[in-house]
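Please open the structure in your viewer and keep the selection panel at hand. The tour proceeds by selections, each followed by a description of what is found there.

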There are 2 protein chains.
Amino acid sequence: MDKKLIQELIDRYVNVSFKVTKKAETLIKEQIGNDLTNDQHYMLRYIHHAEKCTSSELAEAFDVNKSAITAIINRLVEKGLIDRKRDETDRRVVYLTLSQSGTDLFEKTEKRIHKLVESIITKFEREEITGFIETYEKLSEMLQKMEKEQLGE
Amino acid sequence: MDKKLIQELIDRYVNVSFKVTKKAETLIKEQIGNDLTNDQHYMLRYIHHAEKCTSSELAEAFDVNKSAITAIINRLVEKGLIDRKRDETDRRVVYLTLSQSGTDLFEKTEKRIHKLVESIITKFEREEITGFIETYEKLSEMLQKMEKEQLGE
DNA sequence: CATGAACAATTCAACTGTTTAACTATATTT
DNA sequence: AAATATAGTTAAACAGTTGAATTGTTCATG
């Protein structure tokens, strides 16, 4: 690729990724409503998918310090959406799971987000959107690898 | 498209967009360093591109209330990176511009971010990345339109 | 087996970004 | 001239974040 094209692509990527990220956050917030923040919903999503997980695991997945996770989890425990339970064999570890009302709220909200995404995805041709998501996934893997390499240095 | 495929695509999209957004934020923060937050850099980027703009314009571009903009701009003015100047013909309006050191810091940091993006983009085939960015841009336009429709309702 | 290192999680202080409501100052409408 | 609208700021309250210190637990090794 020649330099000029690369520069153009970089500009376009930086620009479009900023816009889409911003707008997506806003649209998701509209689906979620006032019971939860976006970050709190993402937290419920992760735990729902994992069924059971630890603060350390969340800190790694969300790329933040463990103390940030403690703060978010505290708020979700206060709302009765998450349960904390110590591991009996290693009492340093605390397992997090969704409570029944946490599961209910998550599933209700996630359904609305899925409908939003569906309404967008279905406006594309099948080939275009599958190709897009495939490249997006490649990008994701690439970023994971970059992190590992940095840790290796 | 059949329902099963759509469901699969939604799942994959929700999953991958979360991961990429998170990781990209982290990587950008590494490029920016400790002089600025990511949001502050994005603010400088917008003003740099516009050359001159108002709080209201920023509030719309960033999808937040004007008071959130005031807070961020205050911090950037304190750091000497942005200048405020009242419009002489309509004294309600305040124009924001980058100071010399604001311009310097922005350009230095943006260069690092561009290198980061370049290092990623150039790992893809030309057709794949251009197709990806084109679809991404379509998506962006679609989201803009959705907002207008909502306002119209 | 005792002690020190390692580890999981939490607490706390300080900060950034956000919303909402109230407010100031200015401009426009009628 | 008075009412209304607009641009921006302020203040209180909250969510999310970092970084350092702390608590409680486990593990290694001398």
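Begin by selecting H4(B), which supplies five residues, the largest share of the surface near DNA strand C. The model is a predicted one. Next, add helix H2 (38–50) of chain B, then helix H3 (55–62) and helix H4 (66–78) of chain A; each of these, like helix H4 (66–78) of chain B, gives at least two residues to that surface.

Now display every residue around DNA strand C: there are 26, and the closest are A:Ser56, B:Thr37, B:Asn65, B:Ser67 and B:Asp90. Of the strand's atoms that come within 4 Å of the protein, 72% belong to sugar and phosphate. By residue class, this surface comprises six nonpolar, eleven polar and nine charged residues.

Three residues of chain B merit individual selection. The side chain of B:Thr37 places an N or O atom 2.4 Å from a phosphate oxygen of DNA strand C. For B:Gln40, a polar side-chain atom is 3.3 Å from a phosphate oxygen of the strand. At B:Thr89, a polar backbone atom lies 3.3 Å from a phosphate oxygen.

Turn then to the two protein chains, where 55 residues of chain A contact 55 residues of chain B. Select A:Lys23, A:Phe132 and A:Tyr136, which lose the most area to chain B in chain A, together 12% of what that side buries. The area buried between the chains is about 6100 Å², with carbon and sulfur atoms giving 71%.

Which residues should be shown to see a salt bridge? Select B:Arg12 and A:Glu137, whose side chains meet at 2.8 Å, N to O. Across this interface, the rule finds six salt bridges.

Notes:
Residues numbered from 1 in each chain as written. Chains lettered and ligands numbered in written order. Predicted model: local features only at pLDDT ≥ 70, side-chain atom pairs only at ≥ 80, totals over all residues. Heavy atoms only, no water. Contact = heavy atoms within 4.5 Å. Buried area = accessible area lost by both parts, 1.4 Å probe. Salt bridge = Lys/Arg side-chain N within 4 Å of Asp/Glu carboxyl O. Near = heavy atom within 4 Å. Polar contact = N/O pair within 3.5 Å; in protein donor to acceptor, adjacent residues only side chain to side chain. Helix = DSSP H or I, 4+ residues; strand = E, 2+ residues; numbered from the N terminus. Nonpolar A, V, L, I, M, F, W, Y, C, P; charged D, E, K, R; others polar.
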